[in-house]
Amino acid sequence: MPGSHLPLMEEGMARWPFGPPNAGIALDFVGAPPALDELRALVEERWKALPRLTQTLVAPGAASRTGLARWTGRHRWASGDGHDLAQQVDCADATLRDAVRQWFHTPFPAERPPWSLHLLRGATEGEFSLLFRMHHSLLDGRSLTTLLRALLDDGEPLDGAASLAIPGPRRRVVSPGTTAGGPPGLLSTGRAVPLPHRGAREPAYTVVALSAEVLRAAREAVRTERADSVRPATTNEVFLATVSGVLRACLSAGAAWDAASDDGDGRDGGDGYADSGARQVWLSVPVDERPDDCGEFLGNAFANVRVPAPVTLSDPAARLSACTGLLTTVTRPRRTSEKLVEGTLAALPAATLALAGGKIFAPAYAPAACSYVHLRERGRTLAGRPLRRLTIVPMVPPADTATFALGGCTQGHTLSVATNSGSQDAVLLAERFLDELSLLEEGSRRPDTARSRQ
């Protein structure tokens with residue numbers, strides 16, 4: 001709401017300690033780009049009724065001469081009815097990779113709404129990109145797809161009232177019992193995973209396209225039996241299982257290095273899993289909390305859920321089976337204890353981050369985050385130009401962790417990897433992801449290895 005303090009999730013991102021909390025989504029199209037005036041007119045038509053896009057972010061203590069307010073205060077949204085949406089739209093002679101290097105590590109001006117829509121050159125001749133870049137406290141991935149979908153040829157102007165319909169007491173949550181042993185405690189840690197640490201210690205980002213045929217076949221590696229049907233694994237389940245395979249490979253590489261440094265003692269057999277039962281490796285996954293009647297709410301309405309990565313399983317199909325159903329959701333009222341914890345933590349956000357930051361940002365808390373955003377578009381063209389792909393640019397992750405972001409549309413999927421450990425790490429992890437996905441695809445084509453799960 002205009003003038004309101006940020007809720008806990010948004011406040012945490014506003015205080016992100018690893019760089020500006022900028023994120024975004026790029027849509028790539030085939031054909032000549034539209035004129036800038038044409039794009040601005042489209043934005044004005046489709047987004048003109050959305051108060052969220054005119055707000056500015058005010059830091060605590062911005063008008064204070066002391067630092068106390070910055071410690072005890074909270075960020076807030078200020079109403080900005082005078083801001084012209086068209087002025088947030090520009091054209092640049094740059095590609096997405098250029099934009100990530102130039103803009104995603106630069107804070108937004110405090111006097112403007114913290115978002116921009118950029119018309120960019122495509123990665124190849126005959127293409128162009130539309131990049132929505134934003135401060136993550138402003139919007140989440142679901143909000144971005146709502147905005148971008150409205151710009152496509154079958155889109156319509158978004159409803160201002162629906163965009164303000166904050167999810168009430170009923171929220172979508174991960175179903176209890178989907179994780180063996182129950183979910184982890186709020187501040188409990190697991191096992192860290194050593195990343196490659198290749199190159200200069202700095203944030204890195206890369207993007208690779210996924211083969212639609214390989215991804216489709218990988219889903220068939222495990223089929224789930226229900227009362228009246230059998231379904232293949234979901235794309236998200238394949239995503240979690242493949243990232244788990246990447247982390248397993250990192251653990252193996254780390255164990256081999258440790259064994260070589262330890263004069264070949266080899267007590268863990270060379271694959272690093274002798275102590276794996278002591279601590280679970282956790283994946284952090286954002287889960288959209290919007291109930292069905294709040295689908296067009298613009299803001300942040302997600303919870304980060306930790307699910308187990310089955311890194312102790314050597315068989316890719318077994319890892320996929322273990323990931324099946326992990327993110328099954330139900331819609332229920334929020335519990336009193338949940339509201340109490342959130343309210344208490346949000347009351348003194350700086351103190352909360354100071355006390356808990358060492359835990360929740362540690363590699364042992366969650367060495368990898370997995371975010372999946374699908375456009376679910378109705379139209380597939382922008383002013384007649386066909387949509388080709390969707391690419392996610394996540395925030396800079398905590399030190400020594402990685403973010404895997406899967407972007408999907410009707411035409412296919414791309415994988416983005418962001419790291420904060422070594423300049424070559426994102427590329428190395430993306431290559432390993434492709435290898436692990438191919439292993440799943442190969443297994444699905446062998447009848448003796450395909451599995452069914454009740």
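Before anything is selected, one cut-off is needed: a residue counts as buried when its relative accessible area is under 20%, as exposed when that area is over 50%, and as partly exposed in between. The structure on the screen is a predicted model, and the tour below moves from one selection to the next.

**First stop: two loops with an unusual backbone angle**

Select A383, which sits in the loop between β15 (381-382) and β16 (385-393). Because its relative accessible area is 36%, A383 falls into the partly exposed class. Its backbone is worth a look, since A383 has a positive phi of about 50 degrees although it is not a glycine. Now follow the chain to D400, in the loop between β16 and β17 (402-409), where there is again a positive phi, here of about 65 degrees, in a residue that is not a glycine.

**Second stop: strand β17**

Select A402, which belongs to strand β17. Is A402 buried or exposed? With a relative accessible area of 2%, A402 is buried. Add Y205 to the selection and display the C-alpha atoms of both residues: A402 and Y205 are 197 residues apart along the chain, yet these atoms are separated by 9.9 Å.

**Third stop: strand β5 and its partners**

Select H118 in strand β5 (residues 115-121), a residue that is buried, with a relative accessible area of 1%. Show the side chain of D90 as well, and you will find a polar contact of 2.6 Å that joins it to the side chain of H118.

Stay with this strand and select R121 together with D98, which form a salt bridge whose closest N and O atoms are 3.9 Å apart. D98 lies in helix α4 (residues 96-103) and R121 in strand β5, so the salt bridge ties together parts of the chain that are 23 residues apart in sequence. The two partners differ in how they are covered, for D98 is buried at 17% relative accessibility, whereas R121 is partly exposed at 39%.

**Fourth stop: further salt bridges**

How many salt bridges does the model hold? The count comes to 20 salt bridges, and a few of them can be visited here.

Select R142 and D288, whose side chains meet in a salt bridge with an N to O distance of 2.4 Å. This pair links distant parts of the chain, with R142 in helix α5 (residues 141-151) and D288 in strand β11 (residues 282-288), 146 residues apart. R142 is partly exposed, with a relative accessible area of 33%, while D288, at 17% relative accessibility, counts as buried.

Next select E237 and R231, where the side chains meet in a salt bridge of 3.2 Å from N to O; E237 is buried, at 8% relative accessibility. Then select D28, E127, R388 and R389 together, because salt bridges that share partners join these residues into one network.

**Fifth stop: a patch on the surface**

Switch to a surface view and select L186, L187 and V341, which form a nonpolar patch with about 270 Å² of accessible area together. Within this patch, L187 lies in the loop between β7 (170-174) and β8 (203-210), and its relative accessibility of 39% makes it partly exposed.

**Sixth stop: helix α11**

Select residues 349-360, which make up helix α11; a straight helix of 12 residues would span 16 Å at 1.5 Å a residue, but α11 spans only 14 Å between its end C-alpha atoms. Colour the buried residues of this helix, which are P349, A350, T352, A356 and G357. Around the axis they cover an arc of only 145 degrees, which puts them on the same side of α11. Turn the helix round to find the exposed residues A354, L355 and G358 on the face turned away from the buried side.

**Last stop: helix α12**

Finally, select residues 425-444, the 20 residues of helix α12, which at 1.5 Å a residue should span 28 Å; the end C-alpha atoms are 29 Å apart, which agrees. The buried residues of α12 are D425, A426, L429, A430, F433, E436, L437, L440, E441, G443 and S444. Where do these buried residues fall when α12 is seen down its axis? They fall within an arc of 160 degrees, so they line one face of the helix.

Notes:
Residues numbered from 1 in each chain as written. Predicted model: local features only at pLDDT ≥ 70, side-chain atom pairs only at ≥ 80, totals over all residues. Heavy atoms only, no water. Helix = DSSP H or I, 4+ residues; strand = E, 2+ residues; numbered from the N terminus. Expected span 1.5 Å × (residues − 1). Buried < 20%, exposed > 50% of the residue type's maximum accessible area, 1.4 Å probe, protein only. Arc of directions from axis to C-beta. Patch = residues over 30% accessible without salt bridge, like charges linked within 9 Å, V, L, I, M, F, W, Y side chains within 5 Å. Areas by Shrake-Rupley, 256 points an atom, 1.4 Å probe, with all protein chains shown as cover. Salt bridge = Lys/Arg side-chain N within 4 Å of Asp/Glu carboxyl O. Polar contact = N/O pair within 3.5 Å; in protein donor to acceptor, adjacent residues only side chain to side chain.
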